[in-house]
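Trainee: I am new to this structure and should like a close look at a single part of it. Please choose one residue, describe its surroundings, and then work outwards to the rest of the chain.

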Amino acid sequence: MGQDPRADDRAGDERDERAKVAPGEGGAQGGRARDGVAGNHAILRSLATLKGPRIQAGGGVRCLADVVRLLADGVERVVVGSAAIESPDMVADWIGRFGADCIVAALDVRLAEGGTPRLASHGCQRNSRLTLWDAVARL
């Protein structure tokens with residue numbers, strides 16, 4: 001993504017994109033960077049002012065304040081990964097508060113021995129004992 005989100009949006013229009021995803025430049029993501037500092041909120045707010053793009057963002061979303069901040073920035077859909085694995089009740093609460101159209105779980109899956117789909121979290125750095133089916137049932 002370039003420095004001017006409007007230029008990037010024009011390029012996106014040429015490809016007829018319907019959704020944009022905020023980048024994780026330099027480790028800064030939609031929610032928090034890996035160091036715990038808020039990510040690309042200025043870029044998200046700028047993109048949200050443009051006509052047309054529907055914004056979804058995630059990465060480092062760990063608490064209600066992260067979700068509220070992203071939605072306030074103009075994000076249409078907040079993408080959660082690790083939190084959906086580690087705190088499914090919390091994510092289910094977010095879905096209840098904001099609706100299933102605003103919260104989406106993005107689950108990284110690795111096939112274990114025997115072909116069992118097991119979840120990975122924290123950017124695929126940590127393996128979970130949960131299966132994909134366990135996670136879906138919990139959410």
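Mentor: Leaving aside residues up to four places away in sequence, V91 touches V80, A83, A84, I103 and L139. The model in view is a predicted one. V91 belongs to helix α5, and its relative accessible area is 1%. Buried means under 20% relative accessible area, so V91 counts as buried. Another residue to locate alongside V91 is C63: the two are 28 residues apart in sequence, while their C-alpha atoms lie 8.9 Å apart in space.

The helix around V91 deserves attention next. Besides V91, the buried residues of α5 include P88 and W94. Viewed down the helix axis, the buried residues of α5 fall within an arc of 115°, so they line one face of the helix. A general rule of helix geometry helps here: an α-helix has 3.6 residues a turn, so residues three or four places apart point the same way. The face of α5 turned away from the buried side carries D89, G96 and R97, which are exposed. Several elements take part in covering the buried residues of α5, among them α3, β3, α4, β4 (103-105) and α6 (132-138). After α5 comes G99, which has a positive phi, near 95°.

From the helix one may turn to the nonpolar cores. The largest of them has 16 residues, and the members that touch the most others are V78, V80 and W94. At least two residues of this core come from each of α2 (41-48), β2 (54-58), α3 (64-72), β3 (77-80), α4 (82-86) and α5 (88-98). W94 was met above as a buried residue of α5, and V80 as a contact of V91. For V78, again without residues up to four places away in sequence, the contacts are A57, V61, V67, L70, L71, C102, I103 and V104. I103 is thus found both in this list and among the contacts of V91. There is also a second, separate core of five residues, including L119, L130, L132 and A135.

Helix α3 offers a polar residue for study. D66 lies in this helix and, with 0% relative accessibility, counts as buried. The side chain of D66 makes a polar contact with the side chain of R69, at 3.3 Å.

The sheet of the later strands comes next. Three strands form an open sheet in the order β5-β6-β7, and their pairing is antiparallel. The edges are taken by β5 (108-111) and β7 (126-131); each has a single partner strand, so one side of each is left without a neighbour in the sheet. On average, neighbouring strands of this sheet are turned by 45° against each other, direction ignored. Between β5 and β6 (residues 117-121), which run antiparallel, there are four bridges. Within this pairing, R110 stands opposite R118 in β6.

Finally, the whole chain may be considered. The protein chain contains six helices and seven strands, arranged along the sequence as α-β-α-β-α-β-α-α-β-β-β-β-α. It has 139 residues, of which 35% count as buried. Of the contacts between residues at least 6 apart in sequence, 48% join residues at least 24 apart.

Notes. Residues are numbered from 1 along each chain as its sequence is written. This is a predicted model: local features need pLDDT of at least 70, side-chain atom pairs count only at pLDDT 80 or more; totals for chains, interfaces and linings use all residues. Side-chain values use heavy atoms; hydrogens and water are left out. A nonpolar core is a set of buried Ala, Val, Leu, Ile, Met, Phe, Trp, Tyr and Cys residues joined through side-chain atoms within 4.5 Å. Buried means under 20% relative accessible area, exposed over 50%, partly exposed in between (1.4 Å probe, protein chains only). Contact means heavy atoms within 4.5 Å. Two strands pair if DSSP finds at least two bridges between them. Axes are lines fitted to C-alpha atoms, for helices over the stretch in contact, and angles run from 0 to 180 degrees between N-to-C directions. The arc is that of the directions from the helix axis to the C-beta atoms. A polar contact is a pair of N or O atoms within 3.5 Å; within protein, one must be able to donate a hydrogen and the other to accept it, and residues adjacent in sequence count only if both atoms are side-chain atoms.
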